[in-house]
Amino acid sequence: MEPPKEKEQLLALKVMRLTRPSLMVTHPICSDSRDIPADTFASQHQQDLAGDSQLTHHGTGELLTLPQNFGNIFLGETFSSYISVHNDSGQACHDILIKADLQTGSQRLSVSSPNVQPAPILQPGTCIDDTIHHEVKELGTHILVCAVSYTPASGDKMYFRKFFKFQVLKPLDVKTKFFNTEDCLTDDVYLELQIQNVTTGPICMESVILEPGPFYTSTQLNDTKSKKDSEVTIFGKVNYMSSSDTRQYMYCLSPRIEMYQDGNLQKEKLSSIGKLNIIWRTNMGENGRLQTSQLQRMVPGYGDIRLTMEKIPDFISLEKPFNFTCKLTNRSDRSMDLLLVLQNNTKSGLRWCGTSGKPLGKVPPGGNLNLELSMIPIQPGLLTISGLRITDIFLKRTYEHDEVAQVFVYQNDRALEMLNI
């Protein structure tokens, strides 16, 4: 027994992605003017509508071409599509309803116009059009499902569907690095952002904005001042990235004032940095937007004792003592009786001045103690301060603090003038 034949549909459905047109590409054949077919090739190129009359050997012409398929769709772009239902029959159809759904890997979304109502009648040779828009927020395979229902003159309800599959690709590869300065002069965190263009064509970076978390304020370090004291981006006036290019951005995040309690920073709340908002355009001007999830970082731990640099000169004269101030904080839940030990490193160009083994007294939980220290440089260059040892007398435990800070040692005043300092 033969299966029943499907009824022939009276309406035709056509779907076209709405995107910017691209330049029509030609393939001109070049030859020497002395070759026999040179005139033939030149005549064919002049008759080619897609060719450029002014640039005879150029690969792009003066015409634009519409997309022949869905093409590449990237995460963050707005997917727009034109849907047309045409009456190819010789009879009128009634109650025509068009529905469009977008099936992703995790959900099914309705992308039809809101509160859509059936069209009462569609005469032969006429059509009903609709335009859908959807911001793509997921990677992977997407399926556009278009369903059409209508009633022909016979009164039987008719229905059919069509499926259009396309892939959503990743346009940008985003990597982050965090640099902590909490063990130096400030509690700031520096964020280095690396963005790579993984598309096949150039893109224009309109803006890269860091929205800090509730406990931070951010400062972007990607501009420089011009001669007219105006902010100019370090990437130049033509702010574009070619395919596979990588660009680096830098931001400084500072904890808000309310994050300090009794002079100490509440570090347990500072793991959430914020979000990145990236806006770009393709080479034909199509807009794309990418927002990352909350950026997280590992908050460094300092144990029971934290040592920070409060005051230190930037430049030191050779063989002249200099003073600096360190801040010692008791981060434990008990009082600590501390002892200061200064150790010289024979490979270092700095020597300690002062008494080693000096008792510092008791420091209560959460308490602070300023240490006034002195050193003398014995060689020029960029030198590192190391060799600070804090001993807990009760537990016989020693906390080592190396690479606390760096100072630049110059040999004489002329060397300082040569550095334009």
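## Exercises on a strand-rich chain

Glutamate 310 is part of strand β25 (residues 305-311), where strands (E, at least two residues) and helices (H or I, at least four) are DSSP runs numbered from the N terminus. The model is predicted: local features need pLDDT of at least 70, side-chain atom pairs count only at pLDDT 80 or more, and totals for chains, interfaces and linings use all residues. Residues are numbered from 1 along each chain as its sequence is written, and side-chain values use heavy atoms, with hydrogens and water left out.

### Exercise 1: Glutamate 310

Classify glutamate 310 by its relative accessible area, and find how far it lies from cysteine 326.

Step 1. Recall the classes: buried is under 20% relative accessible area, exposed is over 50%, and partly exposed is in between (1.4 Å probe, protein chains only).

Step 2. Glutamate 310 has a relative accessible area of 44%, so it is partly exposed.

Step 3. Glutamate 310 and cysteine 326 are 16 residues apart in sequence, and their C-alpha atoms are 5.3 Å apart in space.

### Exercise 2: The whole chain

Describe the make-up of the chain and its burial.

Step 1. The chain holds 2 helices and 35 strands.

Step 2. Of its 421 residues, 37% are buried.

Step 3. Take contacts (heavy atoms within 4.5 Å). Among those with a separation of 6 or more, 70% join residues 24 or more positions apart.

### Exercise 3: Strand β5 and its partners

Work out which strands pair with β5, and in which sense.

Step 1. Two strands pair if DSSP finds at least two bridges between them.

Step 2. β1 and β5 pair in the antiparallel sense over 7 bridges. Here arginine 17 has serine 81 in β5 as its bridge partner.

Step 3. β5 also pairs with strand β9 (residues 127-135), in the antiparallel sense over 9 bridges. In β9, aspartate 129 is the bridge partner of serine 84.

Step 4. Check the cover: 7 of the 10 residues of strand β5 (residues 78-87) are buried.

### Exercise 4: Salt bridges

Which parts of the chain does the salt bridge between glutamate 77 and arginine 17 link?

Step 1. A salt bridge is a side-chain nitrogen of Lys or Arg within 4 Å of a carboxyl oxygen of Asp or Glu. The whole structure has 8 salt bridges.

Step 2. Glutamate 77 and arginine 17 form one, at 3.7 Å from N to O. The pair links distant parts of the chain, 60 residues apart: glutamate 77 is in the loop between β4 (73-74) and β5, and arginine 17 is in strand β1. Both glutamate 77 and arginine 17 are buried.

Now try glutamate 206 and arginine 281: what do they tie together?

Step 1. Their side chains meet in a salt bridge at 2.5 Å, N to O.

Step 2. Glutamate 206 lies in strand β14 (residues 203-212) and arginine 281 in strand β22 (residues 272-282), so the pair ties together parts that are 75 residues apart in sequence.

Step 3. Glutamate 206 is at 44% relative accessibility, so it counts as partly exposed. Arginine 281, at 29%, also counts as partly exposed.

### Exercise 5: An open sheet

Find the strand order of the sheet that contains β26, and name its edge strands.

Step 1. The order is β26-β35-β32, an open sheet of 3 strands with mixed pairing.

Step 2. β26 (315-317) and β32 (381-385) are the edge strands, as each pairs on one side only.

Step 3. β26 and strand β35 (residues 405-410) pair in the parallel sense over 3 bridges, and serine 317 stands opposite tyrosine 410 in β35.
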